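Let's walk through this model together, starting with a pair of charged residues and working outwards from there. Keep the structure open beside you as you read.

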Amino acid sequence: MPPSVSADHPPAGHPEGVPSGRVGRAEWGLLTDEADWSVELYRILGLDPSVPALTLDELPALVHEEDRPRLTAMVTGCLVDARPIDGEFRVRRPDDSVRTVHMRGEPVLGTDGDAVSMWALIRDVSERAPRGRPPGTAPEPPPARRPPPQAPPSLDLAAHRTAGAPPLTAAAGWWDVLELPCGTTLLSLGDLTGPDPATLLGAVHGLALAGIRPARLLAVLDQLKTTTALRHAVCCRYEPQNRNFTWARSGRPVPLLFRDGAGRRLTALHDPAPGADSPYGQAELTLRPHDVIVLHTERLDEPDVARLLGLGPRLRTARTARECVRLLAGELGAGQHGDAWLLAARVSG
């Protein structure tokens, strides 16, 4: 299936070199063998955005011969064992130049627990790759994989997208986790409208790294003149040193807190009733060990949320965020929510 490409194709004479740090997005549907890439990923790989995106079977053709086993192992672990992808490898572009990329991704699980698709963010990190390495020599092994996805040890994370119509699209639910240099973790989730989520992801990361807090971050995103917008969003910061959790929202969904066998919606000062739009309501609370925070996109209605809140006693016995997500997804069932996302964060200690 030819990818949906925005109007920002590389202009004539676009330089072949790709500045380090650019982020591309990819998603592969395992049931239909469809692939969808952002324009930025085409630029990173030096490919023509008008051609169909490569399937997972075709992707190794772009990878440096010595790094293909590494990519195969990462993808196999993701699809078979539901392990997150977090590693680097080299790609050989059509002009025979070599770039180093970092790939981070997760499987999307169906209600039966099997992977139905896989998403990935691919960043060009060539400028921080070791310089002076002779061609053909193996790169240094990637660092040990951290708890998924890039979370501090005291916060366990897992995500799930419900299966069903409407079909997978580039403009749908989206979530992201970013560990900041100070040890704080940023969690963001919402509904996307527009052709290139990687552009918005870069803006979110840049604002977070600049120390912008959740409510202000959402306000600034609304003012950006980009082709992609984040709607009905929830943005959170978690500080593991004191378990401080700060959150803000722009739209209907609010975080759900499960504590001591009971679930409830979080509220901010002067927050409207559940189901009403709210411009950047922000609040803070101190989390406790074994608390579970659940973020969800706008496609879940009030009866859905009420059913999730009723899972408090069962979530109390869950030992990992992935167990929490499987319980939540099982309660929702399949076929009626489409691109609804759930992100569970469990305080493990």
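Start inside: arginine 25 and aspartate 36 are both buried, where buried means under 20% relative accessible area, exposed means over 50%, and partly exposed is anything in between (1.4 Å probe, protein chains only). These two form a salt bridge, with their closest N and O atoms 2.8 Å apart; the term stands for a side-chain nitrogen of Lys or Arg within 4 Å of a carboxyl oxygen of Asp or Glu. Arginine 25 sits in strand 1 (residues 23-29) and aspartate 36 in strand 2 (residues 35-37), so the pair ties together parts that are eleven residues apart in sequence. Strands here are DSSP runs of E with at least two residues, helices are runs of H or I with at least four, and both are numbered from the N terminus.

Before going further, a word on where this comes from. This is a predicted model, so local features need pLDDT of at least 70 and side-chain atom pairs count only at pLDDT 80 or more, while totals for chains, interfaces and linings use all residues. Residues are numbered from 1 along each chain as its sequence is written, and side-chain values use heavy atoms, with hydrogens and water left out.

Now zoom out. The protein has seven helices and 15 strands, and of its 349 residues, 52% are buried. Contact means heavy atoms within 4.5 Å; among the contacts with a separation of 6 or more, 66% are between residues 24 or more positions apart. The exposed surface comes to about 15100 Å², and carbon and sulfur atoms supply 54% of it. Those areas come from the Shrake-Rupley method with a 1.4 Å probe, and for residues only the protein chains shown count as cover.

Back to the charges. Side chains of opposite charge can pair when their charged atoms come close. How many salt bridges does the rule give? The count comes to 15. One of them joins arginine 259 to aspartate 291, with the closest N and O atoms 2.6 Å apart. Arginine 259 belongs to strand 11 (residues 256-259), and aspartate 291 to the loop between strand 13 (279-286) and strand 14 (292-296), so this bridge ties together parts that are 32 residues apart in sequence. Both arginine 259 and aspartate 291 are buried.

A more local case is arginine 307 with aspartate 304, whose closest N and O atoms are 3.2 Å apart. They are three residues apart in helix 5 (residues 302-309), which means about one helical turn separates them. Arginine 307 is partly exposed at 30% relative accessibility, whereas aspartate 304 is buried at 5%. Elsewhere, Glu65, Arg92 and Asp96 are joined into one network by salt bridges that share partners.

That network leads to some backbone geometry. Most residues other than glycine have a negative phi. Aspartate 96, though not a glycine, has a positive phi of about 75°. Aspartate 96 lies in the loop between strand 3 (85-92) and strand 4 (98-109) and is exposed, with a relative accessible area of 52%. Aspartate 260 also has a positive phi, near 55°. Its place is the loop between strand 11 and strand 12 (262-265), and aspartate 260 is exposed at 55%.

Which helix should you pick for a look at burial? Try helix 4 (residues 214-223): seven of its ten residues are buried, so the rest of the structure largely encloses it. The buried ones are Pro214, Ala215, Leu217, Leu218, Ala219, Val220 and Leu221.

Helix 2 gives another view: alanine 73 is found there, partly exposed at 46% relative accessible area. Alanine 73 and isoleucine 85 are twelve residues apart in sequence, with 9.6 Å between their C-alpha atoms.

Further along, glutamate 323 lies in helix 7 (residues 321-332) and counts as partly exposed at 33% relative accessibility. Leaving out residues up to four places away in sequence, glutamate 323 touches Thr317 and Ala318. Its C-alpha atom is separated by 9.6 Å from that of alanine 344, 21 residues apart along the chain.
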